[in-house]
Amino acid sequence: MIKTPAPVLLTFTLAAMALLLTGCEKVIPLDPAQSDAQLVLNAVPSAGKQLSVYFANTRYFLDNSNNQPVPNVSMTIHVNGHDYTVADSIVNCSYYFPYTLQSDDSLAITIDANGHPVTARTYVPRMPQVGNLNAFVDTSGSTGSAMGLGAFRLLAINFELADYPNHEDYYCITLEQRDSGTRYYPYFDRYDTVDTSFLTYFLCLDAKLTSPDVSAISGMGDVFFNRLLFSDKNIEGETHKTGLMLLLLTDTTEIAPFVHQYTLHVESVTPERKEYLAAVATATSRMQIFSEPADIYTNVTGALGIFAGNARRTYRLTPDTLVAQ
(Lines give C-alpha, C1' and ligand atoms only; values in the text may rest on other atoms or scores of the structure.)
Protein backbone atom coordinates (compact mmCIF):
# COMPACT_ATOMS: atom_id res chain seq x y z
CA MET A 1 0.00 0.00 0.00
CA ILE A 2 1.29 3.45 -0.93
CA LYS A 3 1.20 5.86 1.97
CA THR A 4 0.88 9.55 1.30
CA PRO A 5 2.88 11.96 3.48
CA ALA A 6 0.99 13.99 6.05
CA PRO A 7 1.36 17.23 4.02
CA VAL A 8 -1.09 15.79 1.45
CA LEU A 9 -3.74 15.48 4.17
CA LEU A 10 -3.04 19.07 5.18
CA THR A 11 -3.30 20.08 1.52
CA PHE A 12 -6.73 18.49 1.24
CA THR A 13 -7.87 20.29 4.37
CA LEU A 14 -6.70 23.62 2.99
CA ALA A 15 -8.22 22.80 -0.38
CA ALA A 16 -11.58 22.04 1.17
CA MET A 17 -11.45 25.42 2.87
CA ALA A 18 -10.52 27.05 -0.45
CA LEU A 19 -13.49 25.43 -2.17
CA LEU A 20 -15.80 26.90 0.44
CA LEU A 21 -14.28 30.34 -0.18
CA THR A 22 -14.37 30.31 -3.99
CA GLY A 23 -17.20 32.84 -3.98
CA CYS A 24 -14.92 35.47 -2.43
CA GLU A 25 -13.25 36.78 -5.58
CA LYS A 26 -10.56 39.43 -5.44
CA VAL A 27 -11.42 42.55 -7.48
CA ILE A 28 -8.60 44.61 -8.95
CA PRO A 29 -9.73 48.28 -8.92
CA LEU A 30 -9.26 50.51 -11.96
CA ASP A 31 -7.19 53.61 -11.33
CA PRO A 32 -9.00 56.52 -13.08
CA ALA A 33 -5.67 58.32 -13.42
CA GLN A 34 -4.53 55.53 -15.77
CA SER A 35 -7.76 55.11 -17.73
CA ASP A 36 -6.50 56.23 -21.16
CA ALA A 37 -7.73 53.85 -23.85
CA GLN A 38 -5.22 51.25 -25.04
CA LEU A 39 -5.17 48.77 -27.91
CA VAL A 40 -5.75 45.11 -27.04
CA LEU A 41 -5.09 42.11 -29.30
CA ASN A 42 -6.26 38.71 -28.04
CA ALA A 43 -6.40 35.49 -30.05
CA VAL A 44 -5.94 31.79 -29.39
CA PRO A 45 -5.64 30.13 -32.83
CA SER A 46 -7.00 26.64 -32.14
CA ALA A 47 -6.66 23.45 -34.17
CA GLY A 48 -9.94 22.61 -35.91
CA LYS A 49 -11.46 26.04 -35.18
CA GLN A 50 -12.16 29.06 -37.38
CA LEU A 51 -9.42 31.67 -37.43
CA SER A 52 -10.58 34.65 -35.35
CA VAL A 53 -9.00 37.66 -33.67
CA TYR A 54 -10.20 40.05 -30.97
CA PHE A 55 -8.91 43.61 -31.43
CA ALA A 56 -10.27 46.58 -29.51
CA ASN A 57 -9.75 49.85 -27.72
CA THR A 58 -10.15 49.42 -23.98
CA ARG A 59 -9.79 51.44 -20.82
CA TYR A 60 -9.23 48.28 -18.79
CA PHE A 61 -8.20 45.18 -20.69
CA LEU A 62 -9.72 42.74 -18.16
CA ASP A 63 -13.17 44.28 -18.66
CA ASN A 64 -14.55 43.51 -22.14
CA SER A 65 -17.82 45.34 -21.43
CA ASN A 66 -16.10 48.72 -21.93
CA ASN A 67 -14.19 47.77 -25.08
CA GLN A 68 -14.80 49.66 -28.31
CA PRO A 69 -14.04 48.71 -31.94
CA VAL A 70 -10.95 50.36 -33.40
CA PRO A 71 -11.81 52.50 -36.46
CA ASN A 72 -9.84 52.41 -39.73
CA VAL A 73 -8.14 49.07 -39.06
CA SER A 74 -6.05 47.33 -41.69
CA MET A 75 -5.43 43.73 -40.59
CA THR A 76 -3.47 40.95 -42.30
CA ILE A 77 -2.98 37.43 -40.97
CA HIS A 78 -0.25 35.35 -42.58
CA VAL A 79 -0.95 31.60 -42.41
CA ASN A 80 1.76 29.35 -43.86
CA GLY A 81 2.69 32.09 -46.32
CA HIS A 82 -0.91 32.84 -47.37
CA ASP A 83 -2.38 36.25 -46.50
CA TYR A 84 -5.91 36.76 -45.18
CA THR A 85 -6.92 40.41 -45.30
CA VAL A 86 -10.72 40.30 -45.51
CA ALA A 87 -12.76 38.98 -42.61
CA ASP A 88 -15.89 36.90 -43.24
CA SER A 89 -17.61 38.86 -40.53
CA ILE A 90 -16.90 41.34 -37.75
CA VAL A 91 -18.95 41.04 -34.56
CA ASN A 92 -18.30 43.91 -32.17
CA CYS A 93 -14.51 43.63 -31.76
CA SER A 94 -14.07 40.08 -33.09
CA TYR A 95 -12.82 39.42 -36.64
CA TYR A 96 -13.60 36.04 -38.27
CA PHE A 97 -11.59 34.83 -41.28
CA PRO A 98 -12.41 32.11 -43.86
CA TYR A 99 -9.90 29.52 -42.67
CA THR A 100 -10.05 26.48 -40.38
CA LEU A 101 -6.83 26.14 -38.41
CA GLN A 102 -4.73 22.96 -38.55
CA SER A 103 -1.94 21.52 -36.40
CA ASP A 104 1.51 22.95 -37.16
CA ASP A 105 0.08 26.05 -38.88
CA SER A 106 2.45 29.03 -38.63
CA LEU A 107 0.78 32.41 -38.09
CA ALA A 108 1.78 36.06 -37.97
CA ILE A 109 -0.46 39.10 -37.69
CA THR A 110 0.18 42.69 -38.71
CA ILE A 111 -2.26 45.49 -37.95
CA ASP A 112 -2.26 49.15 -38.90
CA ALA A 113 -4.55 51.00 -36.48
CA ASN A 114 -4.63 54.59 -37.67
CA GLY A 115 -0.89 54.51 -38.28
CA HIS A 116 -0.13 52.56 -35.10
CA PRO A 117 1.52 49.19 -35.93
CA VAL A 118 0.66 46.01 -33.98
CA THR A 119 2.40 42.69 -34.63
CA ALA A 120 2.59 39.18 -33.17
CA ARG A 121 3.31 35.62 -34.24
CA THR A 122 2.57 32.09 -33.06
CA TYR A 123 1.81 28.57 -34.30
CA VAL A 124 -0.87 25.93 -33.77
CA PRO A 125 0.44 22.98 -31.74
CA ARG A 126 -0.42 19.36 -32.47
CA MET A 127 -3.60 17.87 -31.05
CA PRO A 128 -2.94 16.01 -27.78
CA GLN A 129 -3.18 12.22 -28.07
CA VAL A 130 -5.39 10.92 -25.26
CA GLY A 131 -6.44 7.30 -24.87
CA ASN A 132 -8.01 4.76 -22.49
CA LEU A 133 -9.94 7.37 -20.52
CA ASN A 134 -11.71 5.97 -17.49
CA ALA A 135 -13.55 7.88 -14.77
CA PHE A 136 -15.46 6.61 -11.76
CA VAL A 137 -16.68 7.72 -8.37
CA ASP A 138 -15.06 5.73 -5.59
CA THR A 139 -17.61 5.35 -2.79
CA SER A 140 -15.84 2.37 -1.19
CA GLY A 141 -12.89 4.38 0.09
CA SER A 142 -10.43 2.04 -1.62
CA THR A 143 -8.82 4.70 -3.79
CA GLY A 144 -8.64 7.14 -0.92
CA SER A 145 -7.31 4.49 1.45
CA ALA A 146 -4.33 3.97 -0.81
CA MET A 147 -3.45 7.60 -0.13
CA GLY A 148 -4.51 7.79 3.49
CA LEU A 149 -7.77 9.52 2.46
CA GLY A 150 -10.26 6.70 2.87
CA ALA A 151 -12.85 8.92 4.57
CA PHE A 152 -13.44 10.93 1.37
CA ARG A 153 -15.49 10.21 -1.74
CA LEU A 154 -13.30 10.70 -4.79
CA LEU A 155 -13.80 11.10 -8.51
CA ALA A 156 -10.91 9.16 -10.08
CA ILE A 157 -9.88 9.94 -13.68
CA ASN A 158 -7.31 7.79 -15.48
CA PHE A 159 -6.01 8.17 -19.04
CA GLU A 160 -2.98 7.81 -21.27
CA LEU A 161 -1.14 10.76 -22.82
CA ALA A 162 0.87 9.76 -25.91
CA ASP A 163 3.62 12.34 -26.37
CA TYR A 164 4.98 13.08 -29.85
CA PRO A 165 8.57 11.82 -30.25
CA ASN A 166 11.33 14.28 -31.15
CA HIS A 167 8.94 17.19 -30.69
CA GLU A 168 8.77 19.85 -27.96
CA ASP A 169 5.29 19.80 -26.42
CA TYR A 170 3.58 21.65 -23.59
CA TYR A 171 0.32 20.53 -22.01
CA CYS A 172 -2.44 22.10 -19.92
CA ILE A 173 -4.93 19.91 -18.03
CA THR A 174 -8.02 21.33 -16.35
CA LEU A 175 -11.20 19.90 -14.83
CA GLU A 176 -14.35 21.95 -15.33
CA GLN A 177 -17.26 21.56 -12.93
CA ARG A 178 -20.84 22.67 -13.58
CA ASP A 179 -23.23 23.08 -10.65
CA SER A 180 -26.90 23.56 -11.41
CA GLY A 181 -29.94 23.50 -9.14
CA THR A 182 -31.40 24.99 -5.98
CA ARG A 183 -29.83 25.48 -2.57
CA TYR A 184 -31.66 26.27 0.66
CA TYR A 185 -29.95 28.30 3.39
CA PRO A 186 -31.90 27.72 6.62
CA TYR A 187 -30.12 30.47 8.55
CA PHE A 188 -31.46 33.06 6.07
CA ASP A 189 -34.58 31.01 5.20
CA ARG A 190 -33.71 31.61 1.54
CA TYR A 191 -33.58 29.59 -1.68
CA ASP A 192 -30.94 30.33 -4.33
CA THR A 193 -30.89 28.92 -7.85
CA VAL A 194 -27.45 28.49 -9.40
CA ASP A 195 -26.11 27.44 -12.79
CA THR A 196 -22.39 28.05 -12.89
CA SER A 197 -19.23 26.50 -14.33
CA PHE A 198 -15.69 26.85 -13.00
CA LEU A 199 -12.28 25.19 -13.01
CA THR A 200 -12.21 23.01 -9.94
CA TYR A 201 -9.21 21.82 -7.93
CA PHE A 202 -7.96 18.27 -8.34
CA LEU A 203 -5.18 16.09 -6.99
CA CYS A 204 -2.30 14.81 -9.12
CA LEU A 205 0.46 12.68 -7.57
CA ASP A 206 2.29 12.07 -10.87
CA ALA A 207 5.80 13.46 -10.30
CA LYS A 208 6.60 13.24 -14.03
CA LEU A 209 3.98 15.96 -14.61
CA THR A 210 4.16 17.97 -11.39
CA SER A 211 7.87 18.17 -10.54
CA PRO A 212 9.32 21.72 -10.52
CA ASP A 213 11.57 21.00 -13.51
CA VAL A 214 8.52 20.60 -15.82
CA SER A 215 5.56 22.25 -14.07
CA ALA A 216 4.94 25.94 -14.80
CA ILE A 217 2.43 26.38 -11.95
CA SER A 218 3.08 25.33 -8.39
CA GLY A 219 0.23 23.38 -6.85
CA MET A 220 -0.94 23.58 -3.26
CA GLY A 221 1.40 21.24 -1.46
CA ASP A 222 2.84 20.46 -4.91
CA VAL A 223 -0.05 18.03 -5.57
CA PHE A 224 -3.28 20.08 -5.70
CA PHE A 225 -4.06 22.09 -8.87
CA ASN A 226 -6.84 23.81 -10.75
CA ARG A 227 -4.57 24.02 -13.81
CA LEU A 228 -1.78 21.52 -14.47
CA LEU A 229 0.67 23.14 -16.90
CA PHE A 230 3.82 21.21 -17.84
CA SER A 231 6.38 20.36 -20.52
CA ASP A 232 6.97 16.89 -21.98
CA LYS A 233 10.55 16.73 -20.69
CA ASN A 234 9.84 13.75 -18.41
CA ILE A 235 7.58 11.85 -20.84
CA GLU A 236 9.33 12.59 -24.17
CA GLY A 237 7.96 10.23 -26.83
CA GLU A 238 6.24 8.01 -24.24
CA THR A 239 2.66 6.81 -23.87
CA HIS A 240 2.32 7.90 -20.28
CA LYS A 241 -0.39 6.63 -17.93
CA THR A 242 -1.56 9.21 -15.43
CA GLY A 243 -4.44 9.93 -13.10
CA LEU A 244 -6.31 12.75 -11.41
CA MET A 245 -8.57 12.73 -8.37
CA LEU A 246 -11.27 15.15 -7.31
CA LEU A 247 -12.42 15.44 -3.73
CA LEU A 248 -16.24 15.22 -3.66
CA LEU A 249 -17.56 17.28 -0.77
CA THR A 250 -21.15 17.03 0.48
CA ASP A 251 -23.15 20.25 0.38
CA THR A 252 -26.06 19.92 2.81
CA THR A 253 -27.80 22.98 1.33
CA GLU A 254 -28.43 21.31 -2.05
CA ILE A 255 -31.99 20.28 -2.89
CA ALA A 256 -32.39 17.19 -5.08
CA PRO A 257 -32.24 16.92 -7.99
CA PHE A 258 -29.00 18.95 -8.03
CA VAL A 259 -26.66 18.55 -11.02
CA HIS A 260 -22.88 18.16 -10.80
CA GLN A 261 -21.24 17.73 -14.22
CA TYR A 262 -17.51 17.32 -14.88
CA THR A 263 -15.53 17.92 -18.08
CA LEU A 264 -11.87 17.06 -18.62
CA HIS A 265 -9.84 19.38 -20.88
CA VAL A 266 -6.46 18.24 -22.21
CA GLU A 267 -4.74 20.97 -24.19
CA SER A 268 -1.50 21.31 -26.13
CA VAL A 269 -0.16 24.86 -25.89
CA THR A 270 2.58 26.97 -27.41
CA PRO A 271 5.40 28.29 -25.18
CA GLU A 272 3.76 31.74 -25.36
CA ARG A 273 0.42 30.42 -24.10
CA LYS A 274 2.21 28.46 -21.37
CA GLU A 275 3.91 31.65 -20.15
CA TYR A 276 0.64 33.59 -20.31
CA LEU A 277 -1.36 30.98 -18.37
CA ALA A 278 1.39 30.74 -15.76
CA ALA A 279 1.42 34.52 -15.36
CA VAL A 280 -2.38 34.64 -15.03
CA ALA A 281 -2.25 31.89 -12.39
CA THR A 282 0.30 33.91 -10.41
CA ALA A 283 -1.67 37.15 -10.78
CA THR A 284 -4.93 35.56 -9.61
CA SER A 285 -3.42 33.49 -6.80
CA ARG A 286 -4.98 34.04 -3.38
CA MET A 287 -1.47 34.66 -2.07
CA GLN A 288 -1.11 37.60 -4.48
CA ILE A 289 -2.90 39.81 -1.97
CA PHE A 290 0.28 39.69 0.14
CA SER A 291 2.67 40.75 -2.65
CA GLU A 292 3.10 43.21 -5.48
CA PRO A 293 0.84 42.73 -8.56
CA ALA A 294 2.33 40.26 -11.02
CA ASP A 295 3.12 41.22 -14.60
CA ILE A 296 1.01 39.48 -17.26
CA TYR A 297 3.05 37.93 -20.07
CA THR A 298 2.48 39.20 -23.61
CA ASN A 299 3.99 38.40 -27.00
CA VAL A 300 2.22 41.28 -28.77
CA THR A 301 4.18 44.32 -29.95
CA GLY A 302 2.28 47.60 -30.05
CA ALA A 303 -0.69 46.52 -27.91
CA LEU A 304 -1.74 44.64 -24.79
CA GLY A 305 -2.84 41.02 -24.99
CA ILE A 306 -1.71 37.59 -26.17
CA PHE A 307 -1.53 35.83 -29.56
CA ALA A 308 -0.81 32.16 -28.84
CA GLY A 309 -2.04 28.88 -30.29
CA ASN A 310 -3.51 25.75 -28.75
CA ALA A 311 -5.13 22.41 -29.58
CA ARG A 312 -7.70 21.03 -27.15
CA ARG A 313 -9.55 17.80 -26.56
CA THR A 314 -12.61 17.91 -24.30
CA TYR A 315 -14.21 14.93 -22.57
CA ARG A 316 -17.56 15.16 -20.83
CA LEU A 317 -17.51 12.69 -17.97
CA THR A 318 -21.02 11.36 -18.47
CA PRO A 319 -23.00 9.13 -16.09
CA ASP A 320 -21.83 6.17 -18.19
CA THR A 321 -18.23 6.81 -17.15
CA LEU A 322 -19.00 8.00 -13.62
CA VAL A 323 -19.69 4.54 -12.26
CA ALA A 324 -19.89 4.15 -8.49
CA GLN A 325 -17.44 1.49 -7.25
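Among contacts in this chain with a separation of 6 or more, 68% join residues that lie 24 or more positions apart. I should state at once that the model before us is predicted. The chain has 325 residues, and 43% of them count as buried. Its accessible surface comes to about 17300 Å², with 53% belonging to carbon and sulfur atoms. As for secondary structure, there are four helices and 20 strands.

Let us turn to the sheets. One of them is open and has five strands, in the order S5-S6-S2-S1-S18, with mixed pairing. Which strands stand at the edges? They are S5, residues 89-91, and S18; each has a single partner strand, so one side of each is left without a neighbour in the sheet. From one strand to the next, the twist averages 20 degrees. At one end of that order, S5 and S6 pair in the antiparallel sense over three bridges. To place one bridge on the model, please find Val 91, whose partner in S6 is Ser 94.

Another open sheet is made of four strands in the order S4-S3-S7-S8, and its pairing is antiparallel. Here the edge strands are S4, residues 82-84, and S8, each of which pairs on one side only. The twist in this sheet averages 15 degrees from one strand to the next. S3 and S4 run antiparallel and are joined by three bridges. One residue to look for is His 78, whose bridge partner in S4 is Asp 83.

I now move to the interior. The largest nonpolar core has 28 residues, and those with the most contacts inside it are Leu 41, Phe 55 and Ile 109. Strands S1 (38-43), S2 (50-58), S3 (73-79), S6 (94-100), S7 (106-113) and S8 each give two or more residues to this core. The largest share, four residues, comes from S7.

Phe 55 deserves a moment of its own. What is Phe 55 in contact with, leaving aside its neighbours within four places in sequence? Its contacts include Leu 39, Val 40 and Leu 41, and also Val 70, Val 73 and Met 75. Further along the sequence, Cys 93, Tyr 95, Ile 111, Ala 113 and Val 118 are in contact with Phe 55 as well. There is also a second, separate core of 25 residues, which includes Ala 135, Val 137, Ile 157 and Leu 246.

My last topic is helix H4 and the residue before it. Thr 270 lies in the loop between S17 and H4. Is Thr 270 buried or exposed? Its relative accessible area is 0%, and because the cut-off for buried is under 20%, Thr 270 counts as buried. Apart from neighbours within four places in sequence, Thr 270 is in contact with Thr 122, Tyr 123, Pro 125, Ala 308 and Gly 309.

H4 itself covers residues 271-283, 13 in number. From its first C-alpha to its last it reaches 18 Å, close to the 18 Å expected at 1.5 Å a residue. Its buried residues are Glu 272, Arg 273, Lys 274, Tyr 276, Leu 277, Ala 278, Ala 279 and Ala 283. When reading such a list, recall that an α-helix has 3.6 residues a turn, so residues three or four places apart point the same way. What covers the buried residues of H4? The cover includes strands S8 (116-123), S11 (170-185), S15 (228-231), S17 (254-269), S18 (304-307) and S19 (310-317).

Conventions:
Residues are numbered from 1 along each chain as its sequence is written. This is a predicted model: local features need pLDDT of at least 70, side-chain atom pairs count only at pLDDT 80 or more; totals for chains, interfaces and linings use all residues. Side-chain values use heavy atoms; hydrogens and water are left out. The expected span of a helix is 1.5 Å times one less than its number of residues. Buried means under 20% relative accessible area, exposed over 50%, partly exposed in between (1.4 Å probe, protein chains only). Contact means heavy atoms within 4.5 Å. A nonpolar core is a set of buried Ala, Val, Leu, Ile, Met, Phe, Trp, Tyr and Cys residues joined through side-chain atoms within 4.5 Å. Two strands pair if DSSP finds at least two bridges between them. Axes are lines fitted to C-alpha atoms, for helices over the stretch in contact, and angles run from 0 to 180 degrees between N-to-C directions. Accessible areas come from the Shrake-Rupley method with a 1.4 Å probe; for residues, only the protein chains shown count as cover.
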